[in-house]
Amino acid sequence: MTPSDAEDNRWSDLDRPPLNAASLRRTLLRDGGLWSSLDVVPVTGSTNSDLAARADELPEGAVLVAEEQSAARGRLDRRWSAPARSGLFFSVLLKPAGVPVERWGWLPLLTGVAVATGLSRVAGVDTALKWPNDLLVTVGDQERKAGGILAERAGSASGGGIVIGIGLNVTLREDELPVPTAGSLALAGAKVTDRDPLLRAVLRSLEHWYVTWRDADGDPTASRLQETYAAGCATLGRQVRAELPGNRAVAGEAVAVDADGRLILATKEGVQEPVGAGDIIHLRPAE
C-alpha cells in the first residue's frame, strides 16, 4: 500500500473520520493539568498493554488512543473487537501518590462516573452504570452495553500506577453489533457522535473526578464519589446474580455500594453479602 493509499483508507468511511490528534493535544494538554501526553495510533493490539509496558518511564496523565484494537481485552481477559473508528478506544495512566492503596479500587468506578457525566453533557444521552465496569444505554426499550472499563496495576511499586482502559461504541450500527445485547451512542439517539468532542468531554470529566478524589485522599464520601456512583448505578435496587470466583454464585437484591466500592447484596436468607469481584447478571422478576 502506498502512502496515498493509506491516507485514502483513513477516510474510506466518511461517517467515521479519524481523530484530530493535534487539536486534541491543544485543548487537553495544559500547564498544571492532569494530562501530560496524548498519542493517537491507527491500530494496536491493546492500549492497556502498551501503556502498562511503559508505566515506569511515563509520567502520570499519559493518554493513548487507538483508532482500532486487534487484541482488546475486557475483564477476565475476555476479547472483543469493533470496526476501525467506530468508537473510542483509549487508556490513561494514573499514579495516585498519597492515596492509600486500599482506596485504588474506586478508580474503575470513578471512571464510570466520569464517562457517564461527560457523555450526558455533550452527547445528550443517559449512560447508566452496571457494577462494576459496564456502561449502559437504552436503545428503544432495551438496556444495552455500550462500553466497558478495565483497570490494571502496572509497573513497579515505586514508579508504576494504574492503567485504565475505556472502550465505548459510538457509531456502531445494528448489523455490526457483536451480540444482540450490545449498543452504541448512535443507536441510543446521541445528538453528537463526533468522536473528538466526545473524547475531550470524557477526559475533562475524568480529570475533574480524579483530581477531586485524589485531593480528598481517595475518600469516596468526601469527594462525593460514592453517592454519585450510587445515583447513576443501574444495578442498585435490582435482583441480581453474582457469579464469583471459585464457581460460586449468590443471588439477591443489590442494595448498596459500600465504602470500599463493593456491591452489597441482600439475600433471601437475610444476609447482606459484600461482592468485591465477579460477574453481575441483572435478573428479570421471573428469574
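What is the volume of the second largest pocket? In this predicted model, the second largest pocket encloses about 380 Å³. The legends below begin with the overall chain and then turn to individual views.

**Figure 1. Overall view of the protein chain in the predicted model.** Six helices and 14 strands are assigned in the protein chain. Its radius of gyration is 19 Å, close to the 19 Å that the globule rule gives for 287 residues, so the chain is as compact as a globular protein of that length. Along the principal axes, the C-alpha atoms occupy a box of roughly 65 × 45 × 35 Å. Of the 287 residues, 49% are buried.

**Figure 2. Close-up of the second largest pocket and its lining.** The lining comprises 20 residues. Nearest the centre of the pocket lie Gly105, Pro108, Pro132, Ala151 and Gly276. Helix H4 (107-123) and strand E8 (142-154) each contribute at least two residues to this lining. Strand E8 provides the largest share, namely five residues. Sorted by class, the lining contains 10 nonpolar, five polar and five charged residues. The volume of this pocket is about 380 Å³.

**Figure 3. Close-up of the cis peptide bond between Trp131 and Pro132.** The bond that joins Trp131 and Pro132 has an omega of about 0 degrees. Pro132 is located in the loop that runs between strand E6 (128-130) and strand E7 (134-139). Pro132 also appears in Figure 2, as one of the lining residues that lie nearest the centre of the second largest pocket.

**Figure 4. Close-up of the open sheet formed by five strands.** The strands follow the order E13-E12-E11-E10-E14, and their pairing is antiparallel. Strand E13 (272-275) and strand E14 (279-282) stand at the edges; each has a single partner strand, so one side of each is left without a neighbour in the sheet. On average, neighbouring strands of this sheet are turned by 45 degrees against each other, with direction ignored.

**Figure 5. Close-up of the hairpin formed by strands E12 and E13.** Strand E12 (residues 263-266) pairs with E13 in the antiparallel sense, over four bridges. Within this pairing, Gln272 of E13 is the bridge partner of Ala266. Five residues separate the two strands of the hairpin, and Gly270 in the turn has a positive phi of about 85 degrees. The two faces of E13 can be told apart by their residues: Glu273 and Val275 form the covered face, whereas Gln272 and Pro274 form the uncovered one.

**Figure 6. Close-up of the loop between helix H5 (195-215) and helix H6 (225-232), with Asp217 in view.** Although Asp217 is not a glycine, its phi is positive, at about 60 degrees. Asp217 is partly exposed, with a relative accessible area of 43%. Arg224 is found in the loop between H5 and H6 as well. Arg224, which is not a glycine either, has a positive phi of about 65 degrees.

How values were computed: Residues are numbered from 1 along each chain as its sequence is written. This is a predicted model: local features need pLDDT of at least 70, side-chain atom pairs count only at pLDDT 80 or more; totals for chains, interfaces and linings use all residues. Side-chain values use heavy atoms; hydrogens and water are left out. Two strands pair if DSSP finds at least two bridges between them. Axes are lines fitted to C-alpha atoms, for helices over the stretch in contact, and angles run from 0 to 180 degrees between N-to-C directions. On a 1 Å grid over the protein atoms alone, a cavity is a set of points where a 1.4 Å probe fits but cannot get out, and a pocket is an open set with protein on both sides within 12 Å along at least five of seven lines; lining residues have an atom within 4 Å of a point. Grid points are joined across faces, edges and corners, and a volume is the space filled by probe spheres set on the points. Ala, Val, Leu, Ile, Met, Phe, Trp, Tyr, Cys and Pro count as nonpolar, Asp, Glu, Lys and Arg as charged, and the others, Gly among them, as polar. The radius of gyration is taken over C-alpha atoms; the globule rule is 2.2 Å times the number of residues to the power 0.38. Buried means under 20% relative accessible area, exposed over 50%, partly exposed in between (1.4 Å probe, protein chains only).
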